[in-house]
Amino acid sequence: MQYQWYPGHMTKAKRQMQEDLKLIDVVVELVDARIPLSSKNPDIQTMASTKARVLLLNKADLADPKKTDAWRAYYEAQGYLTVAVNAKTGLGIKNVNDVIMNACEEKLARDKRRGIMNRPVRAMIVGIPNVGKSTFINAFAKKAITKTGNKPGVTKGKQWIRLNKNVELLDTPGILWPKFDNQAMGLRIALIGSINDEILVATELAYELCNFLTGNYPGALAQKYGVEECADGNQVLARIAKKRACLQKGGILDLEKAAGFVLDDFRNGRIGNFSLEEP
Ligand code: G4P
């Protein structure tokens, strides 16, 4: 199976983001903690080379905590400030404000030298689809009451969410596109559900998932579905289908149905917390 991404409709999003980048001091980039490499678009590095950078490993609740720690160390060694967060419950989010301020230390010092005081730091959230940008903005802005910016109808302006006296957040995130240069990375993006399943074969994805889990987290599928594991993902999926009585007319195993719920269970953390990549 070939995993592809068609960036055609992303051209407009990219142009918009380049405009927005001019307005901000710090880029807060979200990646999926289960695939912190494949869910990170490397182009933002060049697009935002002059900005302070914060990297949030979101959906940390679904990832393997040890691997998340390893990824944080990996990215911190590259100069990022990182936080592991769960935008859905808000876990970790209270640290993000401080991290943004730390990331902007140089800018703040520069402002001070120039006699500019109390100018809030302006931040923008970026990330590929489905990493949790909107969820994060909502959770982060929960306590923020003021939306600043030009009044609608008067001037076309940006909406800023005033988080506190120090930080303002652009209320629309920048959408990056998944960019991968090999099929293994494409597969991982597909597994977490960032590429539309309609263009993918669910059974193939589920085979790959079964292969990965039996190889890297032995016992997880056995425990969840009560099946014997083996090196052949096809076999494991068939055993799950049998165990769950997924049958088509005539008693043939309905592998597609089994694939559907295995993928869904995986994506929602019902099999366990797994990371698909390590640094
Ligand atoms: P986006 O703006 O980057 O495209 O992502 P969005 O916030 O729409 O989030 C995509 C999905 O990921 C949503 O699920 C959202 O609830 C879920 N999500 C976001 N952050 C986290 C997190 O930290 N942990 C977990 N477990 N899930 C997270 P959905 O299926 O589209 O909706 P729903 O399940 O919330 O109804």
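How far is an oxygen atom of the ligand from an N or O atom in the side chain of Lys59? In this predicted model, the two atoms are 3.0 Å apart, which places them inside the limit for a polar contact (a pair of N or O atoms within 3.5 Å; within protein, one must be able to donate a hydrogen and the other to accept it, and residues adjacent in sequence count only if both atoms are side-chain atoms). Residues are numbered from 1 along each chain as its sequence is written, and side-chain values use heavy atoms, with hydrogens and water left out. Local features need pLDDT of at least 70 and side-chain atom pairs count only at pLDDT 80 or more, whereas totals for chains, interfaces and linings use all residues.

Further polar contacts with the ligand involve Thr135, where an N or O atom of the side chain is 2.6 Å from a ligand oxygen, and Val131, where a backbone N or O atom lies 3.3 Å from an oxygen atom of the ligand. Taken alone, the ligand exposes 710 Å², of which the protein buries 64%; such accessible areas come from the Shrake-Rupley method with a 1.4 Å probe, and for residues only the protein chains shown count as cover. Around the ligand there are 15 residues, and those that come nearest are Asp61, Asn130, Lys133, Ser134 and Thr135, a residue being counted as near if one of its heavy atoms lies within 4 Å. By class, this shell has five nonpolar, six polar and four charged residues, where Ala, Val, Leu, Ile, Met, Phe, Trp, Tyr, Cys and Pro count as nonpolar, Asp, Glu, Lys and Arg as charged, and the others, Gly among them, as polar. Helix H6 (residues 133-140) gives the most to the shell, with three residues; helices (H or I, at least four residues) and strands (E, at least two) are DSSP runs, numbered from the N terminus.

Side chains of opposite charge can pair when their charged atoms come close. Across the whole structure, 15 salt bridges are found, each defined as a side-chain nitrogen of Lys or Arg within 4 Å of a carboxyl oxygen of Asp or Glu. In one of them, the side chains of Glu168 and Arg122 meet with an N to O distance of 2.8 Å. This pair links distant parts of the chain, since Glu168 belongs to strand E7 (residues 167-170) and Arg122 to strand E4 (residues 121-127), 46 residues apart. Glu168 counts as buried because its relative accessibility is 5%, while Arg122, at 27%, counts as partly exposed; buried means under 20% relative accessible area, exposed over 50%, and partly exposed in between (1.4 Å probe, protein chains only). Glu168 also forms a salt bridge with Arg162, the closest N and O atoms being 3.6 Å apart, and Arg162 is partly exposed, with a relative accessible area of 27%.

Strand E6 (residues 159-162) runs antiparallel to E7 and is joined to it by three bridges, strands being paired if DSSP finds at least two bridges between them. E6 and E7 form a hairpin with four residues between them, in which Trp160 stands opposite Leu170 of E7.

Another salt bridge brings together the side chains of Asp265 and Arg270, at 2.8 Å from N to O. Asp265 counts as buried at 8% relative accessibility, whereas Arg270, at 41%, counts as partly exposed. Salt bridges that share partners also join Asp25, Lys107, Asp111 and Arg119 into one network.
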